[in-house]
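I am opening my notebook on this chain and writing down what I looked up, entry by entry. My plan is to begin at one turn and to work outwards from there.

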Amino acid sequence: MPSAKTFPLPLFAALTAGPALVVGAGLWWLGSFAPTCALDIQQSLVSPDGRFDLVIFSRNCGDSTGSNTQAALIPAGSDLPEDAASFASIGAEADLAPRWDGFGNIELTLPDDAEIYRQDEAVAGVTVIYR
C-alpha cells in the first residue's frame, strides 16, 4: 500500500494562508466601494421601564432612496446601528408623534397619504398602536 505524502508545516501554512490573505484583502478593498447610509435621528424616547429607546429616524443611502421616516426599538442607551431594523417605515418625511402610553405600548401616528413600507403590530414583545 502506498504511503501518504505529508507536507512540511511551513509549506502547508504558506499554501493555505497566502490565498486566504489575498481573498480577505480583496474583499476588504471591495467593501470600501459599498455605499454607506447616513442616519438622521429625529427623536428618541426611553421606555417607561427604562429597557428600550424608541428611535424615530430617516435613512439616506445616496441617490437611490427618497424621503423616509422609520421607527426602531433598541436597547436603552445604545447607539442606533447603521443596519438597524425598523418596525415601522414610511416613504415620506413625517412627524410620527411617538409616545409610550401608560401600559408600555408604543403609539405612532402615520400620515394618511404616505406609502407604508412596514407596519409591525409588535416589536420585542411591545405592542405598537398606529393612530
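**Entry 1, the hairpin.** I looked first at the hairpin of β8 and β9, where 2 residues lie between the strands and A124 takes a positive phi near 50 degrees. I note that strands here are DSSP runs of E with at least two residues, that helices are runs of H or I with at least four residues, and that both are numbered from the N terminus. What I am reading is a predicted model, in which local features need pLDDT of at least 70 and side-chain atom pairs count only at pLDDT 80 or more, while totals for chains, interfaces and linings use all residues. Residues are numbered from 1 along each chain as its sequence is written, and side-chain values use heavy atoms, with hydrogens and water left out.

I then checked whether A124 is buried or exposed. A124 is exposed, with a relative accessible area of 52%; for this I use under 20% for buried, over 50% for exposed and in between for partly exposed, with a 1.4 Å probe and protein chains only. A124 is a residue other than glycine with a positive phi, and I found the like in A97, whose phi is near 45 degrees. A97 sits in the loop between β4 and β5 (99-100), and it counts as partly exposed at 34% relative accessibility.

**Entry 2, the partners of β9.** Strand β8 (residues 122-123) pairs with β9 in the antiparallel sense over 2 bridges, and A122 stands opposite T127 there; pairing requires that DSSP finds at least two bridges between two strands. Strand β6 (residues 106-108) pairs with β9 in the parallel sense over 3 bridges, with E107 opposite I129. Looking at the faces of β9 (residues 126-130), I see V126, V128 and Y130 on the covered one, and T127 and I129 on the uncovered one.

**Entry 3, the open sheet.** I traced an open sheet of 5 strands in the order β1-β2-β3-β4-β7, with antiparallel pairing. β1 (38-46) and β7 (116-119) stand at its edges with a single partner strand each, so one side of each has no neighbour in the sheet. Within this sheet, β3 and β4 pair over 3 bridges in the antiparallel sense, and S89 in β4 is the bridge partner of Q70.

**Entry 4, the nonpolar cores.** Which residues of the largest nonpolar core touch the most other members? They are L54, L73, F87, I106 and L108, out of 19 residues in that core; by such a core I mean a set of buried Ala, Val, Leu, Ile, Met, Phe, Trp, Tyr and Cys residues joined through side-chain atoms within 4.5 Å. Two or more residues each come from β2 (52-60), β3 (69-75), β4 (88-90), β6 and β9. Apart from this core lies another of 6 residues, including V55, F57, A72 and A84. In soluble globular proteins, nonpolar side chains tend to be buried together.

I followed L73 further and, leaving aside neighbours within four places in sequence, found it in contact (heavy atoms within 4.5 Å) with F52, D53, L54, F87, W100, I106, V123, A124 and V126. The list brings me back to A124 of the first entry.

**Entry 5, two polar residues that are buried.** N68 lies in the loop between β2 and β3 and counts as buried, because its relative accessibility is 8%. Its side chain reaches the backbone oxygen of R59 at 2.6 Å and makes a polar contact of 3.1 Å with the side chain of Q70. For a polar contact I require a pair of N or O atoms within 3.5 Å; within protein, one must be able to donate a hydrogen and the other to accept it, and residues adjacent in sequence count only if both atoms are side-chain atoms.

S58, in strand β2, is buried at 15% relative accessibility, and a polar contact of 3.4 Å joins its side chain to that of Q42. Not counting residues up to four places away in sequence, S58 touches A38, L39, D40, Q42 and N68.

**Entry 6, the whole chain.** I closed with the totals: the chain has 1 helix and 9 strands, and buried residues make up 30% of its 131 residues.
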